[in-house]
Structure formats: C-alpha cells, structure tokens
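Notebook open, coffee poured. I want to see how this chain packs and what sits around one of its ligands.

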Amino acid sequence: MRTVPLLLVVLLVGCPKQTASTTESAASQGSQVSVGEGQSEMHDRLEQLTGARDALVAGDADGARAVMRTLSEETSPGLAPEGWQAPLQDLVEAAVTGSEANTSEEVGAAIAEAGRACGSCHRAAGLGPYFLDVPVPAEDDVMGRHVWAADRMWESLVGANDGAWVRARDVLGPVDERATHLYDDVPLAVRAEAAQYRSRLHGLAEAGVTGGDSERASIYGGVLETCVGCHSLLGGGPHAEPEGDAP
Ligand code: HEC
Ligand code: HEC
C-alpha cells in the first residue's frame, strides 16, 4: 500500500523525459523509491504554488503567472495511474489558466483552483501535507491575523483539512473594529471602499465553513481578490513601495 503514493509522487515530478524511465524503474522496484525524495518534491510544489499566491497578494501578478507557467510545465499527468489522472489534469489546467490569465482576479481564481486540485488528490489518498500549528497573532496585529487566517484557508484547500477553515473563520469571522487603523488616514471615499473589502473578507470566511471543496476554492479566489484589491487601493501590503513612490 505504501508504495502507491510514493510512486505517484515520483510520477508527479520530473520532466517528461525522465518520467518515462522513472516510471519503469518505480513500477518494478517501487519499494526502492526513497520517501525523502518524493517528499522534498512535494514540498517544492507547495513552495511554488504558495509563492505564486504570495506574489499575487504583494501585487506582482506577473510573478504569479510565471510560477504557474513553471508548474504547468513540470506537471505531467500522462503516465500516472488512472485514478490519479483527474487531479493531475485539474492541476495542469489550473496552472495553464493561471499562467495565461489577464487579470489578478483570474490569476487568484486559478491559484485557488490549483490548490483544490492538490487537495482533491490528498483527500482521495487519505495522505498529504501535515501543517504545524501556528499560534494566532495578538488581537492588535490586525493584518497578521488576516494573513494567519488566509494561511489556514490555504492549508484547508491544499491539505483537504476542514478544521483549518473553521479555525480561519473563528479568527476572521467576527468583524474587528480595530482593523480601521489600516485606513485611518485616507480620504472618506477610499475608507468606505477599504471597509467593504474588509467586510467582504469576513463574509467569505464565514461562507467557506459549510462549502465543499470546489465552493471553497472559488471562495478562496475571492479572498485573494480582497487582499489584492485592498492593497492596491491603499498602497499597502507586503513589499509595498515607500509612500509617494507608487508608479
Ligand atoms: C496525484 C495525487 C497528488 C496530487 C495531485 C498532489 N499530491 Fe501532494 N501528496 C500526495 C500523496 C499521496 C502524498 C503523501 C506522500 C507521502 O507522505 O510520502 C502527498 C504529500 C504531500 C505533501 C507532504 C510531503 C511530506 O513531507 O510529507 C505536500 C507538502 C504536498 N503533498 C503538496 C502538494 C501540492 C502543493 C500539490 C499541488 C500542487 C500536491 N501535493 C498535489 C498526492 C498528491
Ligand atoms: C482592508 C484592507 C486590507 C485587506 C482586506 C487586506 N490587507 Fe493586507 N495590508 C493592508 C495594509 C493597509 C497594509 C500595510 C499596513 C500594515 O501592514 O498594517 C497591509 C499589509 C499586509 C502585509 C505586510 C505586513 C505584514 O504584517 O507582514 C501582508 C503580508 C498582507 N497585508 C497580507 C494580506 C492578505 C494575505 C490579505 C487577504 C487575506 C490581506 N492582506 C488583506 C490592507 C489590507
């Protein structure tokens, strides 16, 4: 039983040429495939896809597209056993869609859909990533709590972990009046718009609790939209340009 997932992990990675020979040897000597190898490749995948997400949230949609392009080129479902082809095919499709998407919104939706594809295989396999518990940031660290919650939603999608989404909702669900400090100094009209992003985020966190995986993927796409939208509105966010330096 143990060799099946390991074989898969090997199939999932590697360029097409290498995959052919890896498949042969893995099929005949499955038990010799090293666990460490497969796991580190999976970790690379997680780093890639999470990197695409972080680039997008930081306003770098081009960077996110480039990662999705690489992911699409490095994933080859062709040789995987039949039962595993659907999630891999979904993953490739999402990666291609993301790499070709015109708007940040579409890139975010594709990243979320790719995360769901990863999660669908993990759910089917009953195996997958195990995420360490990260303590919730202090109440006055508003953006830290947003980021924490968005990370739990992401883990919930990729790791097919329902509990992680509930933990995210518990932190993001209640409207937090302290969040207004994020946009204290901006003109009134901008404040109103920022407040809308914020309340939308709370609503999405709530909605995902009862949603299935596909619904959660589309909700998570919406979550990324609120991050990107508010950062571009306020000129805030990770790696933000110093004030007055915006293009
Ligand atoms: C075709 C099925 C399949 C797909 C698609 C898939 N995985 Fe996995 N993944 C597995 C299996 C099976 C394991 C368990 C392997 C093990 O523990 O050795 C696993 C384990 C992992 C692990 C944990 C590795 C460790 O150190 O234990 C991570 C991280 C991971 N996957 C990330 C991803 C990401 C990110 C994606 C999407 C880009 C993805 N996986 C897509 C089947 C899949
Ligand atoms: C209501 C507007 C708003 C929303 C919604 C929002 N942000 Fe932010 N974000 C900001 C502002 C303003 C800053 C810069 C000021 C600060 O860090 O407090 C910022 C800063 C950040 C930073 C860098 C600061 C740090 O603490 O490391 C990260 C990372 C970040 N946001 C991630 C996210 C993510 C992920 C989401 C979506 C889940 C999100 N943000 C949603 C307004 C927002």
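**Core.** I started with the largest nonpolar core, which has 48 residues. Leu 56, Ala 64, Ile 111, Ala 114, Met 153, Val 223 and Leu 224 touch the most other members. I then checked who supplies it: helix 3 (35–57), helix 4 (61–74), helix 5 (82–100), helix 6, helix 7, helix 8, helix 9 and helix 10 each put in at least two residues. Helix 6 gives the most, nine residues. Note to self: this is a predicted model. For background, nonpolar side chains tend to be buried together in soluble globular proteins.

**Helix 6 against helix 10.** Next I looked up how these two cross. Their axes come within 8 Å, at roughly 145 degrees, with helix 6 spanning residues 104–125. I noted the crossing as right-handed. On the helix 6 side, the contact residues include Gly 108, Ile 111, Ala 112, Gly 115, Arg 116 and Ser 120; on the helix 10 side I find, among them, Asp 213, Ala 217, Tyr 220, Gly 221 and Leu 224. By class the contact splits into seven nonpolar, eight polar and five charged residues. Ile 111 and Leu 224 turn up here and also on my list of core residues with the most contacts to other members.

**Asp 90.** Which residues does Asp 90 contact, leaving aside its neighbours within four places in sequence? I get Ala 117 and Ser 120. Asp 90 itself is in helix 5. I also took the C-alpha to C-alpha distance from Asp 90 to Arg 116: 8.8 Å, for two residues 26 apart in sequence. Buried or exposed, I wondered of Asp 90? It is partly exposed, because 18 other C-beta atoms lie within 10 Å, short of the 20 that burial needs.

**Ala 160.** Most residues other than glycine have a negative phi. So I flagged Ala 160, which has a positive phi of about 50 degrees without being a glycine. It lies in the loop between helix 7 and helix 8 (162–172). Ala 160 counts as buried because it has 22 C-beta neighbours inside 10 Å.

**Ligand 2.** Last lookup: the shell here has 20 residues, and the closest are Ala 150, Cys 227, Cys 230, Gly 236 and Pro 238. Helix 7 (142–159), helix 9 (188–208) and helix 10 (213–234) are the elements that give two or more residues each. Helix 10 has the largest share, six residues. I logged the classes as 13 nonpolar, six polar and one charged. Helix 10 is thus a repeat entry for me: it is in the ligand 2 shell, in the crossing with helix 6 and in the core.

Methods
Residues are numbered from 1 along each chain as its sequence is written. Chains are lettered from A and ligands numbered from 1 in the order in which they are written. This is a predicted model: local features need pLDDT of at least 70, side-chain atom pairs count only at pLDDT 80 or more; totals for chains, interfaces and linings use all residues. A residue is near a molecule or strand if its C-beta atom, placed from the backbone, lies within 6 Å of it. Helices (H or I, at least four residues) and strands (E, at least two) are DSSP runs, numbered from the N terminus. Ala, Val, Leu, Ile, Met, Phe, Trp, Tyr, Cys and Pro count as nonpolar, Asp, Glu, Lys and Arg as charged, and the others, Gly among them, as polar. Axes are lines fitted to C-alpha atoms, for helices over the stretch in contact, and angles run from 0 to 180 degrees between N-to-C directions. A crossing is left-handed if the near helix is turned anticlockwise from the far one by less than a right angle, and right-handed if clockwise. Two residues are in contact if their C-beta atoms, placed from the backbone, lie within 7 Å. A residue is buried if 20 or more other C-beta atoms lie within 10 Å of its own, exposed if 12 or fewer, and partly exposed in between; C-beta atoms are placed from the backbone. A nonpolar core is a set of buried Ala, Val, Leu, Ile, Met, Phe, Trp, Tyr and Cys residues joined through C-beta atoms within 7 Å.
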